[in-house]
Amino acid sequence: MKTNTLVSQEAFLEYVLDSMGEMLIVLDTSLHVAYMNDTAKRMLRVRGDTYVGLHFFKDLRALIVPRLNRPTIVEEVLQDGRPRHGIHRKLATGREVLLNVVPLCERGGEQVCGVLITGHDITDLARMERELDLAFSLTLPNSKVEHKLKNTPEFADKFDPATGRITILKVIEDGGYRHVVNALRIFAAMRAQGVTHVIGIDKDVLVQTIIFHDLGKSQPNLKPGDVVDPREVFEDGKLHAYRSAEIAANFYHLPADAVEIIRYHHHGEHQLPESFPWRLRPMFRLFQVIDGLSAAVTRGGVDVDFELHDCTLRVTEVNARPQYNGTWEIDLFTGARHKLE
C-alpha cells in the first residue's frame with residue numbers, strides 16, 4: 001500500500017493503530033510496556049507516553065489478577081510461546097475486557113521477544129449476561145443443581161483425524177452451565193418459529209430435560225495443551241445419561257417423559273429399547289438436535305441457524321471443522337435426516 005503521497009508509512013501505521021476500537025499493548029520479556037494505542041491509554045487512564053518502561057502489573061497495575069502467587073497468563077505465554085485467546089479480565093478501572101495474548105518473535109526466529117495484548121471492552125455485555133444468569137438461576141430447583149452445572153467443565157479442542165486424538169485448547173470451567181443456557185436459548189429461538197406447535201413437543205418437559213440432562217456427568221481433569229484420545233479419557237455418554245435420569249427421577253421427581261428422554265439422550269434411534277414410546281420420539285429427536293447444537297456453540301463458538309417447515313427442521317452449521325459445515329434436514333416425525341447440497 002502506497003501512503004507516501006499523504007503521510008509517511010510510520011505515521012500511517014500510527015493512524016491505523018490509534019483508530020482501532022480494540023486496546024493494543026506491547027510488552028517486552030520483562031513485562032515492561034513498550035507501546036499502547038490510544039484505546040488502551042483511554043481504557044487504562046494513561047496520558048501521553050508516561051507508560052513507556054513501566055511494569056505492566058507492578059507499576060501500572062492494569063489488570064486485576066485472579067490467581068495470586070501463580071504465573072499470569074502473560075507470563076505463561078512468554079514461557080511456552082503459545083497464544084491465549086478469550087481471556088476474561090477486569091481492569092483496575094472496573095471495566096471488563098476480553099483479551100488475546102500472543103507471543104512476539106523476531107522475524108524468522110522462534111525466540112519469544114515480547115507479547116502483544118489486544119482486547120475489547122465487554123462491560124455492558126458481561127453485565128447483561130450476569131442479569132440473564134441471575135434470571136436463569138431463579139428457575140433452577142436449588143443451589144445444588146446450579147453448583148453442579150457451574151462446576152462441570154467443558155473443553156474446546158482441536159481434532160487430529162490422522163491420529164484420532166485431540167489437543168485441549170481451552171478449559172471452560174462453567175461449561176455445563178453455559179451448555180444448558182445455550183440450549184435454552186436455542187430452544188427459545190426455535191419456539192419463536194413455532195416448534196412447540198408440532199404435535200409431541202411439550203415446552204415444559206423439554207425445558208426440564210435441558211436443565212437436568214447432564215447432572216450425572218463427570219469430566220476428566222485436563223488442561224490446555226494436553227493431547228489425549230477422547231475414547232480413553234471421556235466416559236461413554238450413555239453412562240452419565242443413565243445417572244442423570246436417576247438423579248432427575250429420584251431427587252427431583254421430574255415427569256416420566258423427561259426422565260425417559262434424559263436416560264436415552266446419548267442413544268442412537270436404532271439403540272432405543274422397544275419400550276420407548278413413539279409419542280416421545282419427536283421430542284427426543286428435537287432434544288438431540290438442541291443438545292448437539294448447544295455443545296458446538298459452547299465448546300467451539302459455532303454459528304447455527306435453523307428453519308422450521310411443518311415438522312421438518314432445517315439446521316445450518318458454520319464452524320472451524322469443515323466436515324461439520326452444511327445444512328441438514330431432520331423430520332421430527334419420521335426421524336429421516338439428510339444433508340442438503
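Which helices each supply at least two residues of the lining of the second largest pocket? Keep that in mind as you click around; we'll get to the pocket after a walk through the strands and helices. One thing before you start: this is a predicted model.

**Stop 1: the strands E1 and E2**

Select residues 23-28, which make up strand E1, together with residues 33-36, strand E2. The two strands run antiparallel and pair over three bridges. Look for leucine 27, and you'll find valine 33 of E2 standing opposite. Now colour the turn of this hairpin: four residues sit between the strands, and leucine 31 takes a positive phi near 70°.

**Stop 2: over to E6 and E5**

Keep E1 on screen and add strand E6, residues 112-121. E1 and E6 are also an antiparallel pair, joined over six bridges. A handy spot to zoom in on is aspartate 28, which stands opposite glycine 114 in E6.

Next, bring in strand E5, residues 96-105. E5 pairs with E6 in the antiparallel sense, over nine bridges. Cysteine 105 makes a good landmark here, with valine 112 as its bridge partner in E6.

If you show the side chains along these strands, here's a general rule to look out for: in a regular strand, they alternate between the two faces of the sheet.

**Stop 3: the cavity**

How many cavities of 30 Å³ or more does the structure hold? There is one, and it takes in about 110 Å³ of space. To find this cavity, select Phe57, Leu63, Thr72, Ile73 and Arg89, the residues nearest its centre among the 13 that line it. The elements giving two or more residues to the lining are helix H3 (73-80), strand E4 (84-91) and E5, which you met a moment ago. Colour the lining by residue class and you get 10 nonpolar, one polar and two charged residues.

**Stop 4: a sheet of three strands**

Move on to strand E7, residues 154-160. E7 belongs to an open sheet of three strands, in the order E7-E8-E9, with antiparallel pairing. The edge strands are E7 and E9 (227-228), each pairing on one side only. Strand E8 covers residues 165-172, and seven antiparallel bridges link E7 and E8. To see one of these pairings up close, pick phenylalanine 155 and its bridge partner in E8, valine 171.

While you're in this area, select glutamine 219, in the loop between H7 and E9. Setting aside neighbours within four places in sequence, glutamine 219 is in contact with Thr152, Pro153, Glu154, Phe155 and Phe234. Try the distance tool on the C-alpha atoms of glutamine 219 and asparagine 151: they are 68 residues apart along the chain, with a separation of 9.9 Å.

**Stop 5: helices that cross**

Now for some helices. Two packed helices are described by the angle between their axes and the distance between the axes.

Select helix H5 (residues 143-150) and helix H6 (residues 175-192), which pack at an angle of about 105° with their axes 5 Å apart. Angles of 65 to 115 degrees count as roughly perpendicular, so that is how H5 and H6 lie to each other. On the H5 side, the contact is made by Glu146, Leu149 and Lys150; on the H6 side, by Gly176, Tyr177 and Val180. Sorted by class, that contact has three nonpolar, one polar and two charged residues.

Leave H6 in place and switch H5 for helix H4, residues 123-137. The axes of H4 and H6 come within 12 Å and cross at roughly 85°, so this pair is roughly perpendicular too. Show Glu129, Leu132, Asp133, Phe136 and Ser137 in H4, which meet Tyr177, Arg178, Val180, Val181, Leu184 and Arg185 in H6. Here the classes come to six nonpolar, one polar and four charged residues.

**Stop 6: back to the pocket**

Time to settle the opening question. The helices are H4, H6 and H7 (203-212), each supplying at least two residues of the second largest pocket's lining. H6 gives the most, with six residues.

The pocket has a volume of about 260 Å³. To centre your view, select Phe136, Val181, Leu184, Arg185 and Ala188, which lie nearest the pocket's centre among its 13 lining residues. Colour the lining by class as a last step: nine residues are nonpolar, one is polar and three are charged.

Definitions and conventions: Residues are numbered from 1 along each chain as its sequence is written. This is a predicted model: local features need pLDDT of at least 70, side-chain atom pairs count only at pLDDT 80 or more; totals for chains, interfaces and linings use all residues. Side-chain values use heavy atoms; hydrogens and water are left out. Axes are lines fitted to C-alpha atoms, for helices over the stretch in contact, and angles run from 0 to 180 degrees between N-to-C directions. Angles under 35 degrees count as roughly parallel, over 145 as roughly antiparallel, 65 to 115 as roughly perpendicular and the rest as oblique. Contact means heavy atoms within 4.5 Å. Ala, Val, Leu, Ile, Met, Phe, Trp, Tyr, Cys and Pro count as nonpolar, Asp, Glu, Lys and Arg as charged, and the others, Gly among them, as polar. On a 1 Å grid over the protein atoms alone, a cavity is a set of points where a 1.4 Å probe fits but cannot get out, and a pocket is an open set with protein on both sides within 12 Å along at least five of seven lines; lining residues have an atom within 4 Å of a point. Grid points are joined across faces, edges and corners, and a volume is the space filled by probe spheres set on the points. Two strands pair if DSSP finds at least two bridges between them.
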